[in-house]
Amino acid sequence: MENYFEKEFKLRYFEMDNTGKASPITMMTLLQETAADHCAFAGHSLLSLMSQNLGWVLLSGMMEIDRYPEYNEKIIIRTWLSKYKSIRGTRENIIYDEHYNIIGKAKGLWLFFDIEKRRPKKIPNYFRENWLSCEETSLDYDISSTMQSIKSPQYLNKFIVNRYDTDTNKHVNNISYFHWLLESIPKEIIDNYYLHSIDGRFLSESQYGDSIVSYTNKVDGENSFIHEIYIEGNNNPCATAKTIWKAMKSK
């Protein structure tokens with residue numbers, strides 16, 4: 001493989017969940033951090049883009065984890081762009097342990113964005129020239145497919161968008177949506193299963209002060225859930241997702 005970027009992390013205590021392993025939120029955060037460093041590698045950090053009212057917005061993505069790393073464990077995240085269009089690119093990711101055994105994969109469709117005008121913008125040449133691309137994919141999966149809708153939620157939670165839920169693009173960061181949907185998972189699943197995969201779509205923006213409603217339904221016969229997140233009073237979802245859970249291995 002050519003034209004990839006790697007970043008190494010050592011897992012810290014505050015990134016662990018109650019099982020002593022890295023939380024799903026941690027893994028998604030590290031993927032986002034790797035993408036941010038890849039931007040800086042191209043000579044334009046997210047903060048320098050922000051000063052020009054520019055940024056990247058995640059439209060859809062999937063993360064699949066086979067094993068969550070433990071406290072003090074070293075991992076390596078490899079990322080690359082598999083394809084470009086005028087205003088968007090597909091980012092691939094592989095998560096390795098320190099011996100380069102694969103423990104997870106992820107991919108996302110990212111849109112280049114004018115923060116002030118709230119509309120897409122053509123990807124500058126400096127990203128294409130410095131990132132190049134590699135056609136190899138991390139996950140053979142369509143992250144643009146439509147999600148199943150929820151007509152009558154089995155689980156419902158409400159949240160208020162706080163100041164720290166928003167990011168440099170002046171809207172709610174995708175990780176905050178992830179927080180909200182995880183809060184809706186029943187305790188018996190959280191206590192006995194781990195999140196194997198999440199497949200999500202980000203459809204519209206929410207912002208500081210909005211009242212958020214999170215809907216969740218269990219898929220019949222599976223340890224899987226579908227999710228929808230709305231701004232209260234709006235019938236169009238901000239985000240949709242499907243999560244799949246696997247039984248924890250006994251020690």
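**Exercise 1. Trace the sheet from β7 onwards: which strands pair, and in what sense?**

Start at strand β7 (residues 155–160): six bridges join it to β9, and the two run antiparallel. This is a predicted model, by the way. To find the register, look at Ile160, which stands opposite Ser211 in β9.

Next, step from β9 to β10. Seven bridges join these strands, again antiparallel. They form a hairpin with five residues between them, and Gly221 in the turn has a positive phi of about 75 degrees.

Now carry on to β11. Strand β10 (residues 224–231) pairs with β11 in the antiparallel sense over six bridges. Finally, β11 (residues 239–247) pairs with strand β8 (residues 193–202), antiparallel over nine bridges.

To check the register on β11, pick Ile244. Ser224 has Ile244 as its bridge partner, and Ser197 stands opposite Ile244 too.

**Exercise 2. Work out the surroundings of Ser214: is the residue buried or exposed, and what does it touch?**

First, place it: Ser214 lies in strand β9 (residues 211–218). Its bridge partner in β10 is Ile229.

Then check the accessibility. Ser214 comes out at 0% relative accessibility, so it counts as buried.

Last, list the neighbors, leaving out residues up to four places away in sequence. Ser214 touches Tyr155, Leu156, Asn157 and Phe159, along with Trp180, Leu181, Ser184, Glu228 and Ile229. Trp180 and Leu181 in that list are buried residues of α4, which brings us to the helix.

**Exercise 3. Describe α4: is the helix mostly covered, and what sits at its start?**

Begin with the count: eight of the nine residues in α4 are buried. They are Asn174, Ile175, Ser176, Tyr177, Phe178, Trp180, Leu181 and Leu182.

Now go to the start of the helix. There, a side-chain oxygen of Asn173 reaches to within 2.9 Å of the backbone nitrogen of Ile175.

**Exercise 4. Map the largest nonpolar core: which residues touch the most other members, and which elements contribute?**

This core has 29 residues, and those touching the most other members are Met27, Met63, Ile75, Ile95, Phe178 and Ile198. Two or more residues each come from α1 (24–41), β2 (54–65), β3 (74–84), β5 (102–114), α4 (174–182), β8 and β11. The biggest giver is α1, with five residues.

Don't stop there, though: a second, separate core holds 13 residues, including Leu54, Tyr84, Phe112 and Trp131.

Zoom in on Met63 in the largest core. Skipping residues up to four places away in sequence, Met63 touches Pro24, Met27, Met28 and Leu31, then Lys105 and Ala106, and also Phe178, His196, Ser197 and Ile198. Ser197 is the residue standing opposite Ile244 in β11 from the first exercise.

**Exercise 5. Count the disulfides, and explain why Cys39 isn't in one.**

Remember what you're looking for: a disulfide is a covalent bond between the sulfur atoms of two cysteines. The cut-off is a pair of cysteine sulfur atoms within 2.5 Å, and by that rule the count is zero.

For Cys39, go to the closest cysteine sulfur. That one is in Cys134, 18 Å away, so it is too far for a bond.

As a last step, check accessibility. Cys39 is buried, with a relative accessible area of 4%, and Cys238 counts as buried at 1% relative accessibility.

Key:
Residues are numbered from 1 along each chain as its sequence is written. This is a predicted model: local features need pLDDT of at least 70, side-chain atom pairs count only at pLDDT 80 or more; totals for chains, interfaces and linings use all residues. Side-chain values use heavy atoms; hydrogens and water are left out. Two strands pair if DSSP finds at least two bridges between them. Helices (H or I, at least four residues) and strands (E, at least two) are DSSP runs, numbered from the N terminus. Buried means under 20% relative accessible area, exposed over 50%, partly exposed in between (1.4 Å probe, protein chains only). A nonpolar core is a set of buried Ala, Val, Leu, Ile, Met, Phe, Trp, Tyr and Cys residues joined through side-chain atoms within 4.5 Å. Contact means heavy atoms within 4.5 Å. A polar contact is a pair of N or O atoms within 3.5 Å; within protein, one must be able to donate a hydrogen and the other to accept it, and residues adjacent in sequence count only if both atoms are side-chain atoms.
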